[in-house]
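Q: How should one read the interior and the open spaces of a protein model? Please take the packing first and the pockets afterwards.

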Amino acid sequence: MSDARIIDGKAIAAQVRAEVGGHVANLKRDHGFVPGLAVVLVGEDPASKVYVKNKALQTVEVGMKSVEHKLPAETSEAALLELVGALNRDATIHGILVQMPLPKHIDSLKVIEAIDPMKDVDGFHAVNVGRLSIGERCLVPCTPTGSLILAKTVMPSLKGLDAVVIGRSNIVGKPMAQLLIKEDCTVTIAHSRTRDLEAVCRRADLLVAAVGRPEFVKGSWIKPGAIVIDVGINRITGADGKGKLVGDVDFAEAVKVAGSITPVPGGVGPMTIACLLKNTLEAAQMQHGLEVKSFGQA
């Protein structure tokens, strides 16, 4: 059996960004406005700083308005909530993203709930979570959306597949399961307490690994020919003593068994920002009472 097809997240993310850019240009031409995204960063978390920088660059590249608010780590919860309120009222801002993690003295849930659900481009607000659970239009978390788009580039209809999601976080695992239910998959959410996790994984036609443990899923856990979406991004020290990024799946083993698989890096990661831009576009369309153009196969 030949090695699995590698799902190129960079190339597919570039396609999504190109589609977003086309719609942004149409909005500007036909309706006289451009979508605006505000990103709020509190503190000096190195990974968050790089991520925010990349978001800003890609926002501008697709023709959107990008606004950054960089606040010191000692910023009070009240001051952050005040800023969120001001962004809610700003008609030129269609998407608000408060970068996580926040400093420990700030209640993350309180901040998420303060964001206007129509501007909640992370898809974390309880209103969006609830609407997703009942199959209504809403803003969906970016990483699950990107993961679904990647899976559908392999198989446009996922109907009837046995899908297993490892991980039950509010950011990835739970919304991923909801999206797959909407696609008519038979969905199992597995986690650290699942009995005989290997056997559960081995029956999956579509396996989504979002457990946050490096190379946790072994090749022997994978059904031959399965679609494997690896959401994990873990920094480890390689055999040469240098740091490297790996996923939650043991890629070297899995690539020999799976039918298709996302690499790390270059798989799900690039899709997350592309889907943030997609969400910002859709939020802008909704706020202006326009038809939301569905694209990107999700």
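**Core and pockets**

A: The model is a predicted one. In its largest nonpolar core, which has 49 residues, the members that touch the most others are V20, L158, L180, L206, V208, I229 and M271. Two or more residues of this core come from each of helix 1, strand 2 (36-42), helix 6, strand 5 (162-166), helix 7, strand 7 (206-209), strand 8 (227-230) and helix 10. Helix 10 provides the largest share, nine residues.

Q: Which residues does M271 touch, leaving aside those up to four places away in sequence?

A: M271 touches G9, I12, A13, V16, G146, I149 and L150. A second, separate core has 22 residues, among them V164, V200, A226 and I261.

Q: How is empty space located, and what is the volume of the largest pocket?

A: Empty space is revealed by rolling a probe the size of a water molecule over the atoms. Here the largest pocket holds about 1400 Å³. It is lined by 46 residues, of which Y51, T143, I233, G269 and T272 are the closest to its centre.

Q: Which element gives the most to that lining, and how do its residues divide by class?

A: Helix 2 gives the most, with seven residues. The lining comprises 25 nonpolar, 13 polar and eight charged residues.

Q: What can be said of the second largest pocket?

A: Its volume is about 380 Å³. Among its 17 lining residues, G123, F124, V129, N170 and I171 are the closest to the centre. Helix 4 (108-114), helix 5 (126-133) and helix 7 (173-182) each supply at least two residues of the lining, which divides into ten nonpolar, five polar and two charged residues.

Conventions: Residues are numbered from 1 along each chain as its sequence is written. This is a predicted model: local features need pLDDT of at least 70, side-chain atom pairs count only at pLDDT 80 or more; totals for chains, interfaces and linings use all residues. Side-chain values use heavy atoms; hydrogens and water are left out. On a 1 Å grid over the protein atoms alone, a cavity is a set of points where a 1.4 Å probe fits but cannot get out, and a pocket is an open set with protein on both sides within 12 Å along at least five of seven lines; lining residues have an atom within 4 Å of a point. Grid points are joined across faces, edges and corners, and a volume is the space filled by probe spheres set on the points. Helices (H or I, at least four residues) and strands (E, at least two) are DSSP runs, numbered from the N terminus. Ala, Val, Leu, Ile, Met, Phe, Trp, Tyr, Cys and Pro count as nonpolar, Asp, Glu, Lys and Arg as charged, and the others, Gly among them, as polar. A nonpolar core is a set of buried Ala, Val, Leu, Ile, Met, Phe, Trp, Tyr and Cys residues joined through side-chain atoms within 4.5 Å. Buried means under 20% relative accessible area, exposed over 50%, partly exposed in between (1.4 Å probe, protein chains only). Contact means heavy atoms within 4.5 Å.
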